[in-house]
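Visitor: Got a minute to walk me through this one? I'd like to talk about cavities, salt bridges and cysteines.
Guide: Sure, here it is.

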Amino acid sequence: MSQIDDLPALREVIRKHGLSPKKSLGQNFLHDLNLTARIARAAGPLEDTTVVEVGPGPGGLTRALLSLGAKRVIAVERDDRAIAALHEIAERYPGRLDVIPGDALSFDPRPHIGDSPACVVANLPYNIATALLVNWLTLEPWPPWYSQLILMFQREVAERIVAPHGSKTYGRLSVLTGWRTQAKILFDIAPTAFVPQPKITSSLVRLIPRAQPLPCDSKTLQRVTEAAFGQRRKMLRQSLKTLGVDPQPLLATAGIEPTARAEDIPIEGFVALTRAFSEIR
Ligand code: SAM
């Protein structure tokens, strides 16, 4: 492994701070600083950008972001054992790393960012990865405070995120993501890159917010897709009954065949259904 900085190797950091991986915190650490540098580079030039990192752990990705020139990194970590290790990195990069102990699910970075451009780069804890993504996708006002999200997911989740309509993996997450962002899988990361090794392959995904998504209410859109995909093999005239209204006029207003199934409906169709549902409620 080549050096990206003069700090100790990650294996040494993990040993010194007793960071034995905890499954409950979704801890699968990346030890290879070349790989963390590849992930950081996927975000492009960061000299003017504040990066929000969720779950820095022992700091492999954090160090890559800083050594590649990120203006500032705001790192939110729930594991108290990692905080001292992260402070050692902060000392090496004075004024550029803010370590925030706490839960990323309830963390609002806006007061910390100020006016500078911001993005999120993270090797997410898999147990809360989807919940974090949904939080970032449903922010108001829109466009959000970030210019892009560069996130690692399990490959299977990444495929659901980017799935187009008509595919077997197209579902609630694909609709919400495609409505507000353009998402792309950048590359895969083998289980062997992590300690401990997960059973599955991971994928790095880039999501760029759309400047003007089709207008609709995100909560209502989620209700509609939950109903539609909750019984994805059924026709919409049946599955949408769980909304508590007659689906036929909704489908007629949205211009959708009552016999269609959820996976055949493009995002614009779900937006039209959501607007029709909002109007009759
Ligand atoms: N960034 C490190 C790396 O790439 O090696 C660690 C990634 S590990 C997959 C996920 C990290 O998220 C762990 O450090 C874990 O402690 C942290 N984490 C888990 N739940 C969290 C939460 N709710 N808020 C903030 N961090 C969390």
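Guide: One term before we start: helices here are DSSP runs of H or I with at least four residues, numbered from the N terminus. Also, this is a predicted model.

Visitor: Fine. How many cavities of 30 Å³ or more turn up?
Guide: One, from a search of the whole structure.

Visitor: How much space is in the largest cavity?
Guide: About 50 Å³.

Visitor: Which residues line it?
Guide: Leu7, Pro8, Val13, Pro58, Arg63, Ala85, Glu88 and Ile89.

Visitor: And which helix gives the largest share of that lining?
Guide: Helix H4, residues 83-92. Three lining residues come from helix H4.

Visitor: What's the lining like by class?
Guide: Six residues are nonpolar and two are charged. No polar residue is in the lining.

Visitor: Glu88 is in that lining. What does its side chain pair with?
Guide: Lys16, in a salt bridge, at 2.8 Å from N to O. That pair links distant parts of the chain. Lys16 sits in helix H1 (residues 10-16) and Glu88 in helix H4, 72 residues apart.

Visitor: Why does Glu88 count as partly exposed?
Guide: Because its relative accessibility is 28%, and partly exposed covers the range between under 20% and over 50%.

Visitor: Switching to salt bridges in general. How many are there?
Guide: The structure holds twelve.

Visitor: Give me another. What does Arg81 bridge to?
Guide: Asp79, with the closest N and O atoms 2.7 Å apart.

Visitor: Are those two buried or partly exposed?
Guide: Asp79 counts as buried, at 3% relative accessibility. Arg81 counts as partly exposed, at 23%.

Visitor: Any bridge inside a helix? Say, what about Arg160 and Glu156?
Guide: Their side chains meet in a salt bridge, 3.0 Å from N to O. Both are in helix H7 (residues 155-162). Arg160 and Glu156 are four residues apart there, so about one helical turn separates them.

Visitor: How accessible is each of them?
Guide: Arg160 is at 31% and Glu156 at 43%. Arg160 counts as partly exposed, and so does Glu156.

Visitor: Which residues do shared salt-bridge partners join into one network?
Guide: Arg155, Glu159 and Asp188.

Visitor: Last topic, cysteines. How many disulfides?
Guide: Zero, from a search of the whole structure.

Visitor: And are Cys119 and Cys216 buried or exposed?
Guide: Cys119 is buried, with a relative accessible area of 1%. Cys216 is at 18%. Buried means under 20%, so Cys216 counts as buried too.

Terms used
Residues are numbered from 1 along each chain as its sequence is written. This is a predicted model: local features need pLDDT of at least 70, side-chain atom pairs count only at pLDDT 80 or more; totals for chains, interfaces and linings use all residues. Side-chain values use heavy atoms; hydrogens and water are left out. A disulfide is a pair of cysteine sulfur atoms within 2.5 Å. Buried means under 20% relative accessible area, exposed over 50%, partly exposed in between (1.4 Å probe, protein chains only). On a 1 Å grid over the protein atoms alone, a cavity is a set of points where a 1.4 Å probe fits but cannot get out, and a pocket is an open set with protein on both sides within 12 Å along at least five of seven lines; lining residues have an atom within 4 Å of a point. Grid points are joined across faces, edges and corners, and a volume is the space filled by probe spheres set on the points. Helices (H or I, at least four residues) and strands (E, at least two) are DSSP runs, numbered from the N terminus. Ala, Val, Leu, Ile, Met, Phe, Trp, Tyr, Cys and Pro count as nonpolar, Asp, Glu, Lys and Arg as charged, and the others, Gly among them, as polar. A salt bridge is a side-chain nitrogen of Lys or Arg within 4 Å of a carboxyl oxygen of Asp or Glu.
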